Amino acid sequence: IEELKKKYSDRSIYRKVSSLKSFYRYLLQKRIIDFMPMKEIELPKLQKAPLKILELQELNRVLEQCGDSFEGKRDSLVIRLLCETGLKINDILEIEKDMLETYEYKNITTTKGKRVYSEPISEKLGSDLKNYIEMLKNSEEKRVFGQLSRQGFRARFISYGKKAGIKQITVHGLRHSHVSYLISKGLNAYEIAERIGDTVEM
């Protein structure tokens, strides 16, 4: 392991050693070998990389990179929804057109089990969502972002971050940026926990 550390990061070593252990475990189960040669080798402890929290000016730089294309406008809306609501990307991608119309583009609602949760959005974001849905009026897709996958958005978001000169940008980090925004608005710890735990119950 010490020799590997001279050439590879702990994360790379972890993957290599873990793969080898799985391979030898398979050979052992098939009785191709009769002992585990890597039994005494311990996997290196991985240090979590610090989560990048976007400042307001950094967020604006990312949004600028989205541009005015259809895909860019769509991605911009998803980013703004993540920041304003603190919802998970899966929840954002499941938003339906009818729901937005029902709540007059003022709230984003999600259902988990028998509970319904609601998050308010700004008037500007609501207006932009309405205009975007007008562009989709000929589509039979019920979801607002039905054509976008989580993996696809993640790749595009990271690309926007790189173009904006921001390193280690993550979709998950947007939820923490949302927490910073709530703190700046004067919400206390209990109110914030309600907003980001499962969002606010109606």
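## Exercises on a predicted model

Glu96, Asp98, Glu101 and Glu134 form a patch of negative charge on the surface. The model is predicted, so local features need pLDDT of at least 70 and side-chain atom pairs pLDDT 80 or more, while totals for chains, interfaces and linings use all residues. Residues are numbered from 1 along each chain as its sequence is written, and side-chain values use heavy atoms, without hydrogens and water.

**Exercise 1.** State where Glu101 lies and how exposed Glu101 is.

Solution.
- Step 1: Patch residues have over 30% relative accessible area and no salt bridge (a side-chain nitrogen of Lys or Arg within 4 Å of a carboxyl oxygen of Asp or Glu). Like charges are joined within 9 Å, and Asp and Glu count as negative.
- Step 2: Glu101 belongs to helix α5, residues 97-102; helices are DSSP runs of H or I with at least four residues, and strands are runs of E with at least two.
- Step 3: The relative accessible area of Glu101 is 43%, so Glu101 is partly exposed. Buried means under 20%, exposed over 50%, and partly exposed in between, with a 1.4 Å probe and protein chains only.

**Exercise 2.** Describe the secondary structure and the share of buried residues in the protein chain.

Solution.
- Step 1: The chain has 9 helices and 3 strands.
- Step 2: Their order along the sequence is α-α-α-α-α-β-β-α-α-α-α-β.
- Step 3: Of the 202 residues, 36% are buried.

**Exercise 3.** Identify the residues with the most contacts in the largest nonpolar core, and the helix that gives the most to this core.

Solution.
- Step 1: A nonpolar core is a set of buried Ala, Val, Leu, Ile, Met, Phe, Trp, Tyr and Cys residues joined through side-chain atoms within 4.5 Å.
- Step 2: The largest one holds 37 residues, of which Ile79, Leu81, Leu100, Leu129, Phe145, Phe153 and Phe157 touch the most other members.
- Step 3: Helices that each supply at least two residues include α2 (56-66), α6 (123-135) and α7 (150-163).
- Step 4: The most come from α3, with 6 residues.

**Exercise 4.** Compare the settings of Arg31 and Tyr105.

Solution.
- Step 1: Phi of Arg31 is near 60°, a positive value in a residue other than glycine; for Tyr105, phi is likewise near 60°.
- Step 2: Arg31 sits in the loop between α1 (10-29) and α2, Tyr105 in the loop between α5 and β1 (107-112).
- Step 3: Arg31 is exposed at 78% relative accessible area, whereas Tyr105 is buried at 12%.

Notes: Patches are made of residues with over 30% relative accessible area and no salt bridge: like charges are joined within 9 Å, nonpolar side chains (Val, Leu, Ile, Met, Phe, Trp, Tyr) within 5 Å. Accessible areas come from the Shrake-Rupley method with a 1.4 Å probe; for residues, only the protein chains shown count as cover. The place of a charge is taken as NZ of Lys, CZ of Arg, CG of Asp or CD of Glu.
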